[in-house]
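Q: Here is a structure to read feature by feature. Please give the general idea each time, and then the case at hand.

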Amino acid sequence: MEAKYTEEMAFLHDLSCRAGAELTRRFGSDVRVRQKSDKTLVTDADLASEKVILDTLRQKRPQDKIFSEEAGLSSEDRSVGSSIWIVDPLDGTTNFANNYPFFCVSIGRGVFQEDGSIRVMAGAVHDPIRGKTYVAERGRGAWVNEKPIRVCPDRSPQDAFLVTGFAYHRGDNLKKDIEFFLAVAQTCQSIRRDGAAALDLALVAEGVYDGYWETGLRPWDLAAGSLLVEEAGGIVQNFNNVSGARYDIERGDIICGTPSVVQLISGLI
């Protein structure tokens, strides 16, 4: 590995790949699918991937807290400087359950700040279908398969290729999402709705998409991917962003990408 690919990055790379192997082993098979109370889905693959990640973290980083989509939060304590691992063992479960090959593993490590917020310091998004592992560490850049990546060059919004999502909204919230989608679609070249937020963010970092926006998300959807975009040179902010404010993964929304795209989307809110 190159010198800039640090020990933590290598750890995240390996761990996300091992978890992803549990997904590919089950993809396309008759996995058990259940609906959770929030209407989202969970499969045996989510749980198998999560076991690999959590078992490893408990062995290698026993002092750290864990916040996983399926297992929940290991501790409410927010001691300044302590680390928390924010895990989505299968982002894109609905895709996976329907044999649609767009899903990933997302693992981020955050550190609690003095105000109790989480600042993401490292993260990985592994796409087992394409065999791509995206890794970032704060101040060390963003990488895919150990090669540095950058967001795409800034260009006019009318030429922009964007991605978004509608989460599991219903009723008025879904209507608002679609109306906002229409407003953006009337300005940009094209928009995709892929169904896996962490992988969408990785593709922004890689320069495939010019930008991405979505609301109704959870920290495990955003932790690793938001850092990938930031370290790849993109802008990352919350909706209704206050100038100079640090991005907060716990607010559940994101606008990111090139300067022109972020300005466009922010201006339409």
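The dialogue below takes up a helix, the cores, one pocket and one side chain.

Q: What kind of model is this, and how are residues numbered?
A: This is a predicted model, in which local features need pLDDT of at least 70, side-chain atom pairs count only at pLDDT 80 or more, and totals for chains, interfaces and linings use all residues. Residues are numbered from 1 along each chain as its sequence is written, and side-chain values use heavy atoms, with hydrogens and water left out.

Q: How many residues does helix α1 have, and which of them are buried?
A: An α-helix has 3.6 residues a turn, so residues three or four places apart point the same way. Helices here are DSSP runs (H or I, at least four residues), as strands are (E, at least two), numbered from the N terminus. Helix α1 covers residues 7–26, 20 in number, and spans 30 Å from first to last C-alpha, close to the 28 Å expected at 1.5 Å a residue (1.5 Å times one less than the number of residues). Its buried residues (under 20% relative accessible area; exposed is over 50%, partly exposed in between; 1.4 Å probe, protein chains only) include Phe11, Leu12, Leu15, Ala19 and Leu23. After α1 comes glycine 28, with a positive phi near 85°.

Q: Which residues touch the most other members of the largest nonpolar core?
A: In soluble globular proteins, nonpolar side chains tend to be buried together. A nonpolar core is a set of buried Ala, Val, Leu, Ile, Met, Phe, Trp, Tyr and Cys residues joined through side-chain atoms within 4.5 Å. The largest has 42 residues, and Val125, Tyr134, Tyr212 and Ile254 touch the most other members. Helix α5 (residues 197–205) gives the most to this core, eight residues. Apart from it lies another core of 25 residues, including Tyr5 and Val105.

Q: Which residues lie nearest the centre of the second largest pocket?
A: On a 1 Å grid over the protein atoms alone, a pocket is an open set of points where a 1.4 Å probe fits, with protein on both sides within 12 Å along at least five of seven lines; lining residues have an atom within 4 Å of a point. Of 13 lining residues, Lys176, Asp177, Phe180, Thr215 and Phe239 lie nearest the centre. Helix α4 gives the largest share of the lining, four residues.

Q: Is phenylalanine 239 buried or exposed?
A: Phenylalanine 239 is buried, with a relative accessible area of 10%. This residue is in the loop between β14 (235–237) and β15 (254–257). Tryptophan 213 is 26 residues from phenylalanine 239 in sequence and 8.9 Å away in space, C-alpha to C-alpha.
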